[in-house]
Amino acid sequence: MNFFSGRVYRLNYRNRKSKHKKLVSNTIKSANWEDVQDNIRKKVLVKYPKVKISRKSKVTSVSKRVKFYAPTSINYYSKKEFEITNKFIIDIRDCALKGYKVFIDFSRTKKISAAAMLSFLAEVDVLIKKSQHGTHTISFSHPKEEKIESILVQVGFYDLLKKNKRETKSYDDVTFWKYTSGICSEPLLAKEMIVEIKKELEKVATRKLYRGFIEAMSNSVEHAYLDDNEHSEEEKTAKWWTFAGIKDNQLTIVICDKGVGIPATLPRTQGVSTLKSLLFKIGVKSIHNVKDSAYIKASTSLFETRTGERNRGKGLNDIKSVIDSIGEGFMGIFSNNGRYIYKGETGKLKEVLMDHKSSVNGTIIEWVIPC
């Protein structure tokens with residue numbers, strides 16, 4: 001190879017390398033994880049064109065684990081960040097359920113919020129029970145941000161994946177979070193954290209709020225995994241997960257399940273006539289093409305469950321009535337593609353319905369109440 005042809009070769013190589021580097025960078029942001037891995041494979045072939053890479057597994061031939069970058073903000077409260085966070089969680093689930101191992105890089109993460117973190121934690125818990133690799137299914141890097149690492153330690157993410165913990169700085173807005181979970185057949189009231197919450201609520205005489213809290217959990221037991229073929233108690237994947245804490249005279253509770261969602265269970269548990277009546281009350285005139293957010297709103301006005309027992313379905317109503325009576329507080333529900341917000345402000349109530357492009361694959365109920 002003479003000087004001129006060698007220079008042309010190097011220029012072509014740099015151009016091809018630059019092209020595939022941009023392609024990988026762009027697909028990481030928007031494309032399916034399999035397309036990302038395919039472009040990484042092509043990038044390798046630019047430098048090593050004679051390397052034989054098995055076509056049977058375009059993922060594991062490049063690396064033993066599929067690498068995912070956690071979003072800068074793991075957050076469900078912004079519509080844009082919701083879609084980014086949810087895509088990240090969905091891609092990890094899809095990858096793990098296809099039998100691959102996953103590596104999560106938290107180096108870019110600067111913010112984690114409660115609802116999104118609980119949904120993510122629940123998803124990881126389910127995946128390591130379903131995968132043949134068990135706790136080896138998912139591994140991750142220590143975050144660069146110390147506060148992010150402190151959050152992951154506090155909520156049990158390190159314990160769940162059996163990763164060695166390092167000493168981290170204590171943050172007041174992190175350490176107040178308490179986490180627990182349980183399978184559906186476990187007695188809800190036996191959980192130590194729930195007992196502590198009951199004690200705090202009894203101090204401020206908010207019985208309705210405590211009843212609403214227990215009812216929301218009971219619904220996870222009774223309804224969430226109804227006719228669900230993907231989760232079971234035998235696998236310990238038919239579960240509920242919760243964060244709770246009391247700080248600055250405010251009680252915050254977040255409950256999550258990975259069941260079929262309120263929009264799927266409501267039509268089954270209520271029947272056509274009751275469902276029509278519920279939807280008519282909130283301004284929906286047809287039961288066809290009803291948005292998920294409308295189903296969620298309808299569920300908050302239930303007074304009975306499918307068991308026919310009075311007051312068993314009043315949990316969410318109880319929480320709304322507490323917000324009504326004190327004029328403060330917040331209740332938010334994510335279920336499948338829908339989101340419903342009921343917020344108390346001084347002298348007025350704010351109710352918001354919205355629908356997202358992707359699903360949380362289950363239900364997340366969150367409320368904040370002064371105590």
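## The seven-stranded sheet

Gly-182 stands opposite Trp-240 in E7, and that pair is a handy place to start a tour of this predicted model. E6 and E7 run antiparallel and are joined by six bridges. Both strands belong to an open sheet of seven strands, whose pairing is antiparallel and whose order reads E6-E7-E8-E12-E9-E10-E11.

At the two edges of this sheet you will find strand E6 (178-183) and strand E11 (348-355), each of which pairs on one side only. From one strand to the next, the twist averages 10°.

## The three-stranded sheet and helix H3

There is also an open sheet of three strands, with parallel pairing and the order E1-E3-E5. Here the edge strands are E1 (66-69) and E5 (138-140), which each pair on one side only. The twist in this sheet averages 25° from one strand to the next.

Strand E3 (residues 102-105) runs parallel to E5, and three bridges join the two. If you would like a residue pair to look at, Val-102 stands opposite Ile-138 in E5. Helix H3 packs on this sheet and touches E1, E3 and E5; the direction of H3 makes about 170° with that of E1.

## H3 alongside H4

Helix H3 (residues 79-97) has a helix partner too: H3 and H4 pack with their axes 10 Å apart, at an angle of about 5°. The two helices are therefore roughly parallel to each other. On the H3 side, the contact is made by Thr-85, Phe-88, Ile-89, Ile-92, Arg-93, Ala-96 and Leu-97. H4 meets them with Ala-116, Ser-119, Phe-120, Glu-123, Leu-127 and Lys-130. Sorted by class, this contact has eight nonpolar, two polar and three charged residues.

## H10 across H11

Another helix pair is worth a visit. Helix H10 (residues 262-281) and helix H11 (residues 292-299) also have axes 10 Å apart, and they pack at an angle of about 70°. That makes H10 roughly perpendicular to H11.

H10 brings Ile-262, Pro-263, Leu-266, Pro-267, Leu-275, Leu-278 and Leu-279 to the contact. H11 brings Asp-292, Ala-294, Tyr-295, Ile-296, Ala-298 and Ser-299. By class, the contact of H10 with H11 has 11 nonpolar residues, one polar and one charged.

## The second largest pocket

The second largest pocket holds about 510 Å³ of space. It is lined by 24 residues, and the closest to its centre are Ile-112, Ala-114, Asp-173, Phe-176 and Trp-177. The lining has 12 nonpolar, four polar and eight charged residues.

Several elements supply at least two lining residues each. Among the helices that do so are H4 (114-130), H5 (146-154) and H7 (172-175). Strands E4 (111-112), E7 (239-247), E8 (250-257) and E12 (363-370) do so as well. The largest share of the lining, four residues, comes from H5.

This brings the tour back to elements already visited. H4, which packs with H3, supplies at least two residues of the pocket lining. The strands E7, E8 and E12, which follow one another in the order of the seven-stranded sheet, each supply at least two residues of that lining too.

Methods:
Residues numbered from 1 in each chain as written. Predicted model: local features only at pLDDT ≥ 70, side-chain atom pairs only at ≥ 80, totals over all residues. Heavy atoms only, no water. 1 Å grid on protein atoms, 1.4 Å probe; cavity = no way out; pocket = protein on both sides within 12 Å on 5 of 7 lines; lining within 4 Å. Points joined across faces, edges and corners; volume = space filled by probe spheres on them. Nonpolar A, V, L, I, M, F, W, Y, C, P; charged D, E, K, R; others polar. Axes fitted to C-alpha atoms, helices over the stretch in contact; angles between N-to-C directions. Parallel < 35°, antiparallel > 145°, perpendicular 65-115°, else oblique. Contact = heavy atoms within 4.5 Å. Pairing = 2+ DSSP bridges.
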